[in-house]
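Me: I would like to learn how to read the features of a structure, one by one. Please give the general idea each time, then the case at hand.

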Amino acid sequence: MGAIQKSTLEFLNQLKVNNNREWFERNKERYRTAHENMIGFMDDMIAEMNKVDNIETISGKKSLFRIYRDVRFSKDKSPYKPYFGARMARATKWLRGGHYIHIEPGNCFIAAGFFNPNSADLKLIREDIAHDSKPLKKILADSDFKNIWGTFQGDAVKTSPRGFDKEHPDIELIRFKQFHLSHKFSDEEVLSEDFVFEIVKSFLVIRPYFDYMSEVLTRDTK
């Protein structure tokens, strides 16, 4: 089982303080080695996830985001991301929810859920919560779920979405525009030989939430 190497984190640490093209070109081979390390890690991750889920992302290489930043509309003109980010998509329209892995020294985390649901999906989610929030609240209240994933993160409207009563008892949930969660790992945990399995276990804990959302978002299309 591939593991994230200490040299990969060291490269990212040095990139953070030398975020310029000259340094990057001088250290291009180190980048390639770190990138290959991440590809191998994500290949193993996808293989393990496919034992318990249906992942349509075909390879570790395809899962990784580019390290090059799009600086056209950003005040920060640093050309590189000082981290590796990877995502795994679930297969078919019936399996909803996304997985994200972020490897950055001192800020390593995984995230999962619904990052930018389209307007139709967002409406379905809100209507289901407004109709009966108990199934979702039961999932969020589970002790394992809370210990690993906490509660929802992301943007929310300030008062209430159009068409929803601002006095609704579940308005705090209905206000969300994004329904994702995250869990942090220490650098020591990231370098562990068992890190792949720790991530898989965390994603298994969030599965009831994905199952719930999949039912909500596909109910009218069955």
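Me: How many bridges join strand 3 to strand 4?
Reply: Strands of a sheet pair through backbone hydrogen bonds, either parallel or antiparallel. In this predicted model, strand 3 (residues 108-114) and strand 4 run antiparallel and are joined by seven bridges. Within strand 4, H180 is the bridge partner of G113. Strands here are DSSP runs of E with at least two residues, helices are runs of H or I with at least four, and both are numbered from the N terminus. Two strands pair if DSSP finds at least two bridges between them.

Me: What provisos come with the numbers?
Reply: The model is predicted, so local features need pLDDT of at least 70 and side-chain atom pairs count only at pLDDT 80 or more, while totals for chains, interfaces and linings use all residues. Residues are numbered from 1 along each chain as its sequence is written, and side-chain values use heavy atoms, with hydrogens and water left out.

Me: In what order do the four strands lie in the sheet?
Reply: The order is 1-2-3-4, in an open sheet with antiparallel pairing. Strand 1 (84-89) and strand 4 (179-185) are at the edges with a single partner strand each, so one side of each has no neighbour in the sheet. On average, neighbouring strands of this sheet are turned by 15 degrees against each other, direction ignored.

Me: Which helices pack against these strands?
Reply: Helix 3 lies across strand 1 and strand 2 (98-103), at about 25 degrees to strand 1. Helix 11 (residues 207-218) touches strand 2, strand 3 and strand 4, and its direction makes about 30 degrees with that of strand 3. Contact means heavy atoms within 4.5 Å. Axes are lines fitted to C-alpha atoms, for helices over the stretch in contact, and angles run from 0 to 180 degrees between N-to-C directions.

Me: How is the packing of two helices described?
Reply: By the angle between their axes and the distance between the axes. The axes of helix 5 and helix 11 come within 9 Å and cross at roughly 110 degrees. Helix 5 is therefore roughly perpendicular to helix 11. Angles under 35 degrees count as roughly parallel, over 145 as roughly antiparallel, 65 to 115 as roughly perpendicular and the rest as oblique. From helix 5, D121, L124, I125, D128 and I129 meet Y212, M213, V216 and L217 of helix 11. The residues of this contact divide into seven nonpolar, no polar and two charged. Ala, Val, Leu, Ile, Met, Phe, Trp, Tyr, Cys and Pro count as nonpolar, Asp, Glu, Lys and Arg as charged, and the others, Gly among them, as polar.

Me: At what angle do helix 1 and helix 3 cross?
Reply: Helix 1 (residues 6-17) and helix 3 (residues 28-49) cross at roughly 130 degrees, with axes that come within 9 Å. The two helices are therefore oblique to each other.

Me: What is unusual about the phi of T92?
Reply: Most residues other than glycine have a negative phi. T92 is not a glycine, yet its phi is positive, about 70 degrees. T92 is in the loop between strand 1 and strand 2. With a relative accessibility of 44%, T92 counts as partly exposed. Buried means under 20% relative accessible area, exposed over 50%, and partly exposed in between (1.4 Å probe, protein chains only).
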